[in-house]
Structures are given as structure tokens and as C-alpha cells.
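Work through the exercises below with the structure open. Each task is followed by a stepwise solution.

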Amino acid sequence: MTPTRDRPLVLLSFGHACVDVYQGSVAALVPYFVAERAYGYAAASGVVLAASLLSSLVQPLFGALTDRRALPWLLPSSTLTAGAGVALGGVTDSYPLTLAAVAAGGVGIAAYHPEAARAARAAAGGSHTAMGWFSLGGNVGFALAPPLVWAVVGGGGLGASWLLALPAVAGAVLCGVAVRSAGAARAARAAGGRTAVAAGSDDWASFLRLTGAVVCRSVVFADLSTFVALYVRERVGGGSAAGTAALFVLYLGGAVGTVAGGRLADRYGRLRVVRRSYVLTVLAVAGVVLVPGPPVYLFVALTSAGLYVPFSLHITLGQDYLPRRVGTASGVTLGLAVSVGGLAAPALGALADASSLGTALLPLVALPAVGRLLLYGLREPAPPPAPPALGSRTAHDADVR
């Protein structure tokens, strides 16, 4: 690809980082809610639920909208909404207002991902490795969330949370530039004589099985994100720094795993890589829950690899199973099936309050095995032509109008 064509993907990747820092920030704020506001496990996990619930409900709606027409204005506006919601959630002292604020942030995250994934797939030209770079941006944002929250809230308390809105401003600017750059990318594609026409038939049966596997992955990731910092503090001591380090390792491994997943898929095939990643995750999560002492950090890193290697592959598989509904597929695999994992957090929090955190985390060992079973027998879909570029009009758009 030429620099003109590369530029929108690069900008979208950086913008993705600025948005997903807020997905990671909600979990990173949980230890501070426990410490400063005396929330129990169930109450603290309710904050994660608030961020996930509304996001899960509206994500498919935004995906369906982007299937009908390109909505590039969603990218900067949803980025600002995500940042404002999380920042206000830390500032307010009221539990209901905190829930409402992080829920609004979740809507912003939900609005961003389907349009961004559609646009990134167009810029990637169907390359699994290129889509891995787009996903890398989001995973870097996740990884930066714990140290960012620690630097802001660890020193200034929850009252300093308003500073967490600053990445959203940067992200909105990057998204605005990406929208403008897409015009040059469309011109480059036209000069090369390439067209983007949706082709193929939708394979809903395979897509639903893939979605079930991604939901299993999502529950493991969301609940470890919520509780791993508290759990590691119990296991190894070291206070908030030890817990923040564990969450950072969980998120940082995604930066490596996502790019590795794209490269491995280009060589060995997507489904083969995804299936083996789920097997690795079973063993790694068992190590996190059962192996005592500092080695827990190693198993957190292995869990991160198992969860993140298939991350971008889920997105492209979903898009290829539903070639005529790329926005819907993106909204589910990148959004709904990721955020829905937070819905289980209050149940695990209640179990932890009634027993122990280690006991509450035990069910997470089995879920990747269930996901692996759902993937059994799936066939590699044929990749369709690249979808329309960011902000472009298609023949389908004209039909809708």
C-alpha cells in the first residue's frame, strides 16, 4: 500500500488507542472505588456492569446503522463521549451518578467500534496483519489505562479523574484527521482501478457459533480485568502497585498478541490459530487462579497471549461470515461480544463477597474450553472484497436512500 492509503489506518489505530483507554480505565478504577468509597466486590463490579450493559444493548444498533451508510462523524463524537463518561464517573461521589456516567461512556465506546472496524477493514485491504495493527491500537489503549489511572488517581484521588478526559480530546482530533484523509485514500483506490462491492452470502450459523466463542473469551477477559488487580494484591502483597502491575501485564500482552495473531493467521490460517489460543487460555487461567506467589504474573502474561492472539481474527472472521453486514459483524465481534463479558462481573463479585475472590475466579477456567468446543468444525470463510472506505457512498447507500 502507498503512504496515502496507509495514513487512514495509522490514524484510526491511534484513535482506537484513545478510545479503548476508557474500556481499560473502568476496571483500573475499581481498586480506588473499593479504597476511597468502601465499595464491596459486588458494588465495585456493578460499575463495570454499568459500563457494559448499555454498551452491549446499543452496539448492534450502531452496527446496523453503519451497514446502511457510512457515519464517519461518529468517530470523533463517540470518542469525546467515552472520555467524558469515564472522567465524570470518578469525580462524582454519588453511586447512581457514577453508574450513569460510566454507562454514557459505554455508549460512546459502543458507537465508535462498528464504524471504526468497517473503516479499518477498508483501509487494510483485507490483510489480517494490517487489521492486527488496527486492533493493536485498541490494545495499547487498554495497556495504558492502568498506569494512566494510577498516575492520575493514585496521586490525586478520584477527584482528579477529570484529567482522564484528555486522551479523548486527542482521539477526537485524530479521528477527524482520519476522516479527511480517507478522501485521498479513495482517490488512490480509484486511480488503481479497484472497486469495493459487497459479495457472497451471509453464514449466520457459523457467525453465531463464533459469537458464542467470543462471548466466552469476553467473560474471562472482563472479569479478570475487574478482579485481577485485587486478587494479585491478596496473593503477593505490594499494595496498589502490585495490582496495577498485574492489570498492566494483562493488557500489555495484548499489544504483542494481536500483531502476532495477524501474522500467524497469514501463515497458518485464522481458525487454526484461534482454536489453539483458546486451549492456551484454559491452561493459563488455571495458573492465574491456582499457582501461588509471584509466578502469577507469568500466568497473567500467558492468559493475555491466549486472549489477544485471536482478537483481530475474531473481527475479520465475523466480517467474512457476514460479508453483506460488515457493520453488524463488527459491532458484535468487536463490541457486543466484548462488552457483554462485563455482565457477569456482579455475579462473580457477589460470589467473592460470600466466599473468596479465588473461588469466584475458578469458573473462568472452564469458559475458554467451552469456546473451543463452539469453534469445532467451523470452516474458514472466503474473504470478500474490501468494504467501502471511510465516509464513502456505495450503491447500497443509494438504494437505502
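**Exercise 1: a buried acid**

Task: Place D223 in its helix, then describe its charge partners and its contacts.

Solution:
- Step 1. D223 sits in helix 7, which spans residues 204-236. The model is a predicted one.
- Step 2. D223 is buried, and it makes no salt bridge.
- Step 3. Look for the nearest side chain of opposite charge. That is R217, 12 Å away. A salt bridge needs the nitrogen and the carboxyl oxygen within 4 Å.
- Step 4. Set aside neighbours within four places in sequence. D223 then contacts G341, A344, A345, L348 and L364.

**Exercise 2: a surface patch**

Task: Find which residues form a nonpolar patch on the surface, and classify L54 as buried, partly exposed or exposed.

Solution:
- Step 1. The patch consists of L53, L54, L57 and L343. Together they have about 330 Å² of accessible area.
- Step 2. L54 belongs to helix 2, residues 41-68.
- Step 3. The relative accessibility of L54 is 36%. Buried means under 20% and exposed means over 50%. L54 therefore counts as partly exposed.

**Exercise 3: the whole chain**

Task: Summarise the protein chain by its helices and strands, burial, contacts and surface.

Solution:
- Step 1. Count elements: 16 helices and zero strands.
- Step 2. Of the 401 residues, 58% are buried.
- Step 3. Take contacts between residues at least 6 apart in sequence. Of these, 87% join residues at least 24 apart.
- Step 4. The accessible surface is about 14,700 Å². Carbon and sulfur atoms account for 69% of that surface.

Conventions:
Residues numbered from 1 in each chain as written. Predicted model: local features only at pLDDT ≥ 70, side-chain atom pairs only at ≥ 80, totals over all residues. Heavy atoms only, no water. Patch = residues over 30% accessible without salt bridge, like charges linked within 9 Å, V, L, I, M, F, W, Y side chains within 5 Å. Areas by Shrake-Rupley, 256 points an atom, 1.4 Å probe, with all protein chains shown as cover. Helix = DSSP H or I, 4+ residues; strand = E, 2+ residues; numbered from the N terminus. Buried < 20%, exposed > 50% of the residue type's maximum accessible area, 1.4 Å probe, protein only. Lys, Arg positive; Asp, Glu negative; His and termini not counted. Contact = heavy atoms within 4.5 Å.
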